[in-house]
Amino acid sequence: MTRTVLITGCSTGFGEATSRLFAARGWNVVATMRRPEASAALAALGDNVLVTRLDVQDPASIEAAVAAAIARFGRIDVLVNNAGFGLFGVFEAAPRDKIQEQFDVNVFGVMDVTRALLPHFRANRAGTIVNIGSGAGVFTLPMISLYCASKFALEGFSEALSYELASLGIAVKIVEPGGVTKTRFGDRSAAEAGHSADLPDYGPFLKGAMQVFAGLRASRADATSEEVAEVIYTAATDGTDQLRYVATEDIKPLVRARRETSEAEYMEFMRERMTPRG
């Protein structure tokens, strides 16, 4: 029987690349997004691809997408929670409604889509949930405190959920990418920074923080969305109980520092590299 994957946030980036990869490997693919009319290219991949609307902030659209997927393909075997975005800027300048949106998309949206699939997975006594986290869910960086908070929440939710669902034959995985080229994630994050109020007291910090980010960009070798899609595919299909998959090379030194050193060593390591000096 051909297996089926439902993926959120498929208009660009990881979601689009993952949809193409699963389809190329013979899966039925339910590629969901807020505006499906903008993704004719995915719909043209073949009869094994269903492009349909799913806005993680709209519960009715979630239920409709799940129903459409089951009606078309009979069952869903894998859920990839990919939809997300990042707020950029100092915390004090972030309006409360934007903070709410950050969590509505990156945390509550994941929970709502997952909840919608769990009865189906329970009935089948099988299923795999792949949540797309981030290096920013393992370590933190200046200027993205709210994005980090949402991804730390996703890490905790995913790990705890994995314990709850294991006895039902349902696996939970977390894929943790870092810097990636050819995705509009950075464009939306940069646009969100425009909501920041003008707070002159942060001027020296902002100047230094920009230097930190410039240094990070200069020192890393970005992966591509296609490379991250390969890791997502592995997580969905390897049949192991591995929970976390670090998806790009650029964040591995920071992940190792967080997970393999003492708290004091880690904080010294991060403050030396991440504290703005401007």
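User: Does Arg125 count as buried or exposed?

Analyst: Let's start with the ground rules: this is a predicted model, where local features need pLDDT of at least 70 and side-chain atom pairs count only at pLDDT 80 or more, while totals for chains, interfaces and linings use all residues. Residues are numbered from 1 along each chain as its sequence is written, and side-chain values use heavy atoms, with hydrogens and water left out. Buried means under 20% relative accessible area, exposed means over 50%, and partly exposed lies in between (1.4 Å probe, protein chains only). At 52% relative accessibility, Arg125 counts as exposed.

User: Where does Arg125 lie?

Analyst: To place a residue we need the elements: helices (H or I, at least four residues) and strands (E, at least two) are DSSP runs, numbered from the N terminus. The phi of Arg125 is near 50°, a positive value in a residue other than glycine. Arg125 lies in the loop between helix 4 and strand 5.

User: Which residue in the loop between strand 5 and helix 5 can we look at next?

Analyst: Most residues other than glycine have a negative phi. The residue to look at is not a glycine, yet its phi is positive, about 80°. It is buried, with a relative accessible area of 8%. In the loop between strand 5 and helix 5 lies Met143.

User: What distance does helix 5 reach from its first C-alpha to its last?

Analyst: Helix 5 covers residues 145-165, which makes 21 residues. The expected span of a helix is 1.5 Å times one less than its number of residues. That gives 30 Å for helix 5, and the helix comes close to it, reaching 30 Å.

User: Which residues of helix 4 and helix 5 can we link through Gln102 and its contacts?

Analyst: Gln102 is found in helix 4 (residues 96-124), and at 0% relative accessibility Gln102 counts as buried. Contact means heavy atoms within 4.5 Å. Leaving aside neighbours within four places in sequence, the contacts of Gln102 include Leu146, Tyr147 and Ser150. The buried residues of helix 5 include these names too: Leu146, Tyr147 and Ser150.

User: Which strand pairs with strand 5 in the parallel sense?

Analyst: Two strands pair if DSSP finds at least two bridges between them. Strand 5 (residues 127-132) has six bridges to its parallel partner, and Asn131 stands opposite Ile174 in that partner. The chain crosses to it from strand 5 through helix 5 in a right-handed β-α-β crossover, meaning that, with the strands pointing away from the viewer, the path from the first strand over the helix to the second runs clockwise. The partner is strand 6.

User: How many bridges join strand 6 to strand 9?

Analyst: Strand 6 (residues 170-176) is mostly covered, with six of its seven residues buried. Glu176 stands opposite Val246 in strand 9. Strand 6 and strand 9 (residues 244-246) run parallel, and the number of bridges joining them is three.

User: Within what arc do the buried residues of helix 9 fall, seen down its axis?

Analyst: The buried residues of helix 9 (residues 252-260) are Leu254, Val255 and Ala257. The arc is that of the directions from the helix axis to the C-beta atoms. These residues line one face of helix 9, because they fall within an arc of 160°.

User: Which residue forms a salt bridge with Arg259?

Analyst: A salt bridge is a side-chain nitrogen of Lys or Arg within 4 Å of a carboxyl oxygen of Asp or Glu. Here the closest N and O atoms are 2.9 Å apart. Arg259 counts as partly exposed at 39% relative accessibility, whereas its partner is buried, with a relative accessible area of 0%. That partner is Glu176.

User: How many residues apart are Asp238 and Lys173?

Analyst: Their side chains meet in a salt bridge (3.1 Å, N to O). Asp238 is partly exposed at 27% relative accessibility, whereas Lys173 is buried at 2%. The pair links distant parts of the chain, with Asp238 in the loop between helix 8 (225-237) and strand 9 and Lys173 in strand 6; the separation is 65 residues.

User: How many salt bridges does the structure hold?

Analyst: One example joins Asp77 and Arg75, with the closest N and O atoms 2.9 Å apart. Others form a network that links Glu155, Glu159, Glu176, Arg244 and Arg259. The number of salt bridges in the structure is 14.
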